[in-house]
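Colleague: I would like to learn how to read a model of this kind, one feature at a time. Could you take me through it, giving the general idea before each case?

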Amino acid sequence: MGFTGYCSEEPADSDDLQSLSGSELEEDEDGNPIPKKSKKGFRVRPWNRSVDLKNPKFRLGLAFPNSAQLKEAVRECAIRNQVGLWFEKNSKKKIEVNCQWDCPFRLYASTTKGEGDTLIIKTLNNNHTCSPVETSHFLTYRRIAQEVAEDLMVDENWSRKGIHNHIEKKYKLDVGVQTITRAKRAAKRMNEGHYIDQYNMLAAYRKELLRSNPGSTVEIKTQMDGLVRRFHRMYICFAACKEGWMRGCRPIICLDGCHVKGQHPGQLLTAVGIDANNGMFPIAYALCEVENQETWTWFIDYLRWDLRMERDSSYVFMTDKQKGLGNAIAILFPNAEHRHCVRHLYNNFKSKHPGEGLKQLVWNAARSSTQVWYNKHMDALRELDEDAWLWFEDKNPAQWSRAFFKDEPKCDILLNNMCESFNSAILPARDKPILSMLEKIRMDMMVRNANRRVACEKWKDLVGPRIKKIIDKIGQRATEYRAHRSGEFIFQITGTGEGGSKHAVDLGRHICTCKRWQLSGIPCVHAICAIRFKKQEATLYCDDYLMPSTYKEAYNPIIYPIAGEDDWEPVEYPIAPPPYKQQAGRPKMKRHKEPGEKEKAPPPPAPKEGKLSKAGIKMSCKICGQQGHNKLGCPITKAKKAAAAGEGTSSGAATKKRQRKEVNRVPAPKGCTNVKDEVIRSRKTWKKIKQTVESTSGPNVGASTSQSYQQLPTQSSQNPAARSAQRKAADPMQPSQASSEYAAF
């Protein structure tokens, strides 16, 4: 199947195609254009960018529509072939390319009369005699961004190191780390668009959400800055989230806020519910300028209208005690129960009253399910530390202790982990531009709801996996109690130990005197003991809020997908970004963690014998009382030592240097230049002296002489040259230092 011509991937009308000389190209039998022969004798072949740019090859007569495409082909050829090309002439009508290493390669292209901006290669020497280069100035961060943009759209977590390895392996060229970093940032901008353009598309995005998800609430609030309309706030609550929370979730709402880390930072307010498996259920979220009483009132007011919350006494709110949030709840829901996260409460308490004993008493008081046990733990706290007990005087126990919680919500949580889990799940989206961030959150919520619907069909028990795990854990302690029947469903539960506790359980009404069953909806250890006495399953006595049917009701509503940006109906409602003054320095991407949640490296395992390792423990100085050093490293101790040495406050290194200069050194004996020769010479001398002494004085004298020689290295002088001089002065027949040490050895 031989044919001449080229293939194009771009559709075009054949009537609009014109030849380079102004006339139509001839076609073969298959309809492919045949390149026309010019007056100079070579064929003119058009450059097809979509096909030829993948592996550019130059030839005489190759015609480019403009100079930009020719320069692009030269750069791509230099990168792919590892040659050092550069532009000798670079203009709109003439381009000349040479090789950097004085090799014969040369390319010259210029325009022709009557062809407009079309450049034709008229001179070409395509031979390279130079060796491949290791770097190329054409492989810029913009070129790399174009290379990795599509792959980065599929895998947003593609690391900088992974991109670096991919580029160097593909092109066999060295690229700097900073170039890869800038290329990744530029590729993200190419995929997401400019953040200013995304603000202008918010109105069209709102219209598309309402079209695809009827019944949802999407509100955008703007402010006029002169003649410019600027973004202020945005609230989103999908119809599926409204229906799911009202049908299948407990009447408790967790509220929290987190920072947005994009080009124009702000606060993202979130409302999260709790499903039948004790999992988070996102309800609504809003983007605002700051977190205060006004923004929280605005957000909760929309939430109240969406969820049809009429009887405020029927609902419970769990918060982290944010700025203005308590006042907003008190204004809109004066009769609702407002709980505070105990972990944040204890962190504030620990800053003034640290200690493991106080910590256990505070948490025991928070976990107490009856007021009697709450009072006992608080009395113990008062006996241990009066000031710590006074710290809780202005803290309402109904906000942080289970003993004062309501029974209707069937939820005894003490922590605001649901909102924190949601904030952690959307963390990858919070550093994106506004439209990309909102779409990422919507996609995650849509996929999550679909996965929950599928997972519910695989449940093997009458309750969710998390509830089943809690029941099994409680059931392990049921053997410590004994059930005594009082009626068909009423039992007296007693402990097996001495002074065991007693509790009354009513299986028909789901009541126990410990109140744990009423608070959580899950049978307590006393109820499980009675249930096992009747030889029944504990899951049958769970509350209706924990049943699989309730779980399905929450996730049956669907968050529907939306169309692409190109298919959105345009809306003429331009919105400018909010005013923002960039702070000096690098933007902080991590929040300040509280003392209780700072990650500490686990200490090494304790040895079986000996002392416990002090790794990870902060030292305390006994002199100044500060942490981070002991008395040996204390500045006061160092200053005293320096003063005693007469050197003031100078450093130890400088002191030792001055002391070395003041030492009177004895000069080494002349003629001792080579240590090896000196040792050999001393050994021969030693043998001669030893033979002479033994022949004249006998063996006893030689032994005593050897002993005296062996004691010579232990002279008081520390200088080797000084010791040698002392030995020579004491005994002219005594060998040198090297021979004495050799003999002793």
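**Reading burial, salt bridges and helix packing**

Modeller: Let us begin with a single acidic side chain: Glu208 is buried, with a relative accessible area of 6%. Please keep in mind throughout that this is a predicted model.

Colleague: Which residue forms a salt bridge with Glu208, and how far apart are the closest N and O atoms?

Modeller: The partner is Arg211, and the closest N and O atoms of the pair are 2.4 Å apart. Arg211 counts as exposed, at 54% relative accessibility, whereas Glu208 is buried at 6%; the label follows from the cut-offs, because buried means under 20% and exposed over 50%.

Colleague: Where do Glu208 and Arg211 lie with respect to the helix?

Modeller: Both belong to helix 7, which spans residues 202-212, and because they are 3 residues apart there, about one helical turn separates them.

Colleague: How should I read a second pair within one helix, such as Glu243 and Arg247, and how many residues apart are they?

Modeller: Again one looks at the spacing along the helix and then at the accessibility of each partner. Glu243 and Arg247 are 4 residues apart in helix 8, about one turn of the helix, and their closest N and O atoms are 3.9 Å apart, which qualifies as a salt bridge because the rule asks for a distance within 4 Å. Glu243 is partly exposed at 33% relative accessible area, and Arg247 is likewise partly exposed, at 48%.

Colleague: What does the salt bridge between Asp306 and Lys242 tie together?

Modeller: Here the side chains of Asp306 and Lys242 meet with an N to O distance of 3.3 Å. Asp306 lies in helix 9 (residues 293-307) and Lys242 in helix 8 (residues 239-248), so this pair ties together parts that are 64 residues apart in sequence. As for accessibility, both Asp306 and Lys242 are buried.

Colleague: How many salt bridges does the count come to by this rule, and which residues are linked in a network?

Modeller: The count comes to 24 salt bridges. A network of salt bridges links Glu76, Arg80, Arg143, Glu147 and Lys170.

Colleague: Let us turn to helix packing. At roughly what angle do the axes of helix 12 and helix 13 cross?

Modeller: For a helix pair one reads the approach of the axes, the angle and the handedness together. The axes of helix 12 (residues 356-367) and helix 13 (residues 371-384) come within 8 Å and cross at roughly 160 degrees. That makes helix 12 roughly antiparallel to helix 13, because angles over 145 degrees count as such. The crossing is left-handed, and the residues that meet include Leu358, Leu361 and Val362 in helix 12 and Tyr374, Met378 and Leu381 in helix 13.

Colleague: Are helix 7 and helix 16 roughly parallel or roughly antiparallel?

Modeller: Their axes come within 11 Å and cross at roughly 20 degrees, helix 16 being residues 434-456. That makes helix 7 roughly parallel to helix 16, and helix 7 passes helix 16 in a right-handed crossing. The contact is made by Leu202, Tyr205 and Leu209 of helix 7 together with Ile434, Leu435, Leu438, Glu439 and Arg442 of helix 16.

Colleague: What can be read from the surroundings of a single residue, and which residues does Cys254 touch?

Modeller: One combines the element, the accessibility and the list of contacts. Cys254 has its place in strand 11 (residues 252-260) and is buried, with a relative accessible area of 0%. Not counting residues up to four places away in sequence, Cys254 touches Thr270, Ala271, Val272, Met318, Ile413, Asn416, Met418 and Cys419. The C-alpha atoms of Cys254 and Pro282, which are 28 residues apart along the chain, are separated by 9.5 Å.

Colleague: Is Thr295 buried or exposed?

Modeller: Thr295, found in helix 9, is buried, with a relative accessible area of 0%. Leaving aside neighbours within four places in sequence, Thr295 is in contact with Arg233, Leu269, Cys288, Glu289 and Val290.

Colleague: Finally, what does the secondary structure of the chain come to?

Modeller: It comes to 26 helices and 19 strands, and buried residues make up 40% of the 745 residues in the chain. Among contacts with a separation of 6 or more, 58% are between residues 24 or more positions apart. The accessible surface comes to about 44,400 Å², and 50% of that belongs to carbon and sulfur atoms.

Key
Residues are numbered from 1 along each chain as its sequence is written. This is a predicted model: local features need pLDDT of at least 70, side-chain atom pairs count only at pLDDT 80 or more; totals for chains, interfaces and linings use all residues. Side-chain values use heavy atoms; hydrogens and water are left out. Helices (H or I, at least four residues) and strands (E, at least two) are DSSP runs, numbered from the N terminus. Buried means under 20% relative accessible area, exposed over 50%, partly exposed in between (1.4 Å probe, protein chains only). Contact means heavy atoms within 4.5 Å. Accessible areas come from the Shrake-Rupley method with a 1.4 Å probe; for residues, only the protein chains shown count as cover. Axes are lines fitted to C-alpha atoms, for helices over the stretch in contact, and angles run from 0 to 180 degrees between N-to-C directions. Angles under 35 degrees count as roughly parallel, over 145 as roughly antiparallel, 65 to 115 as roughly perpendicular and the rest as oblique. A crossing is left-handed if the near helix is turned anticlockwise from the far one by less than a right angle, and right-handed if clockwise.
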